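Please open the structure in the viewer and keep the selection tool at hand. The tour below proceeds by selection, with a note on what is to be found at each stop.

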Amino acid sequence: MSEVRFGPGGVPDWLEPMIRFCSRCGGQLAFGPVADEERDRLACPNCGFVSYVNPRLVVTTLPITDLGEVMLIRRGIQPGQGLWAQPGGFLEIDETVRDAAIRETLEETGLRVEPGAIVGLYSRVQAAVVVVAFEARIVGGATEATREALETRPFAPDAIPWSEIAFETSVSALRDWVARVRPDLPLPDLSTFRRPFGG
Ligand SMILES: [Zn+2]
């Protein structure tokens, strides 16, 4: 994904083609003032349906080994293919955040985890996501390569591959985790981690 632009409707350009038509009647949506709304919205001139466009929640974990290392995956798919990130994915409509953390970690790494404290919550407006990162205890399973994860391996807090982390939100989460478990370590400057894509 190249540089993200925000078009009419305050919607990122990559998202706009997916919300052109009314999901209730199929009419073409128009952006503009809507009664009782604080800001301009995408709405249907036919039936009055307002199409709210909101960020989605991405649920992730930092699975921690008995040695205090964090398990990261090398991504097998875009965005960020070939780079490192924590396991995670979109929250499904019928599950809790905790269920999603367990499911996504198992799907992508083969590891069973128990989510614990929330390391942080990170907005990435360009990608229309909010990312929650749980610290998670590994309670079973075994790492396996999947389509989404070429490999999964542990990194000590002083060995995070900062320059090869896929997403700005991942850098933020790892930074907050390292700051907590190893406050003595120097932290990378977030402003040097501009990523054109994803979270
Ligand atoms: Zn409509």
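**Helix 2 and its surroundings**

Begin with helix 2, whose buried residues pack against strand 4, strand 5, strand 6, strand 8 and strand 9. The model on display is predicted. Select residues 168-181 to isolate this helix. Of its 14 residues, 10 are buried, so that helix 2 is mostly covered. The buried set comprises Glu168, Thr169, Ser170, Val171, Ser172, Ala173, Leu174, Arg175, Trp177 and Val178. How far apart are the end C-alpha atoms of helix 2? They are 20 Å apart, which agrees with the 20 Å expected for 14 residues at 1.5 Å a residue.

Next, select Ile165. Setting aside residues up to four places away in sequence, Ile165 touches Leu83, Trp84 and Ala85, together with Ser170, Val171 and Leu174. Ile165 and Ala85 touch the most other members of the largest nonpolar core, which has 33 residues. At least two residues of this core come from each of several elements, among them helix 1 (97-109), strand 8 (111-124) and helix 2.

Now select strand 4 (56-64), another contributor to the core. Strand 4 runs parallel to strand 9, and nine bridges join the two; here Val59 stands opposite Val132. With strand 7 (residues 88-90), strand 4 pairs in the antiparallel sense over three bridges, and Val58 stands opposite Phe90.

Finally, colour the protein by domain. The domain assignment gives domain 1 (1-53) and domain 2 (56-192). Their centres, taken over C-alpha atoms, are separated by 32 Å.

Definitions and conventions. Residues numbered from 1 in each chain as written. Predicted model: local features only at pLDDT ≥ 70, side-chain atom pairs only at ≥ 80, totals over all residues. Core = buried A, V, L, I, M, F, W, Y, C linked by C-beta atoms within 7 Å. Buried ≥ 20, exposed ≤ 12 C-beta atoms within 10 Å, placed from the backbone. Helix = DSSP H or I, 4+ residues; strand = E, 2+ residues; numbered from the N terminus. Contact = placed C-beta atoms within 7 Å. Domains from an automatic or database assignment. Pairing = 2+ DSSP bridges. Expected span 1.5 Å × (residues − 1).
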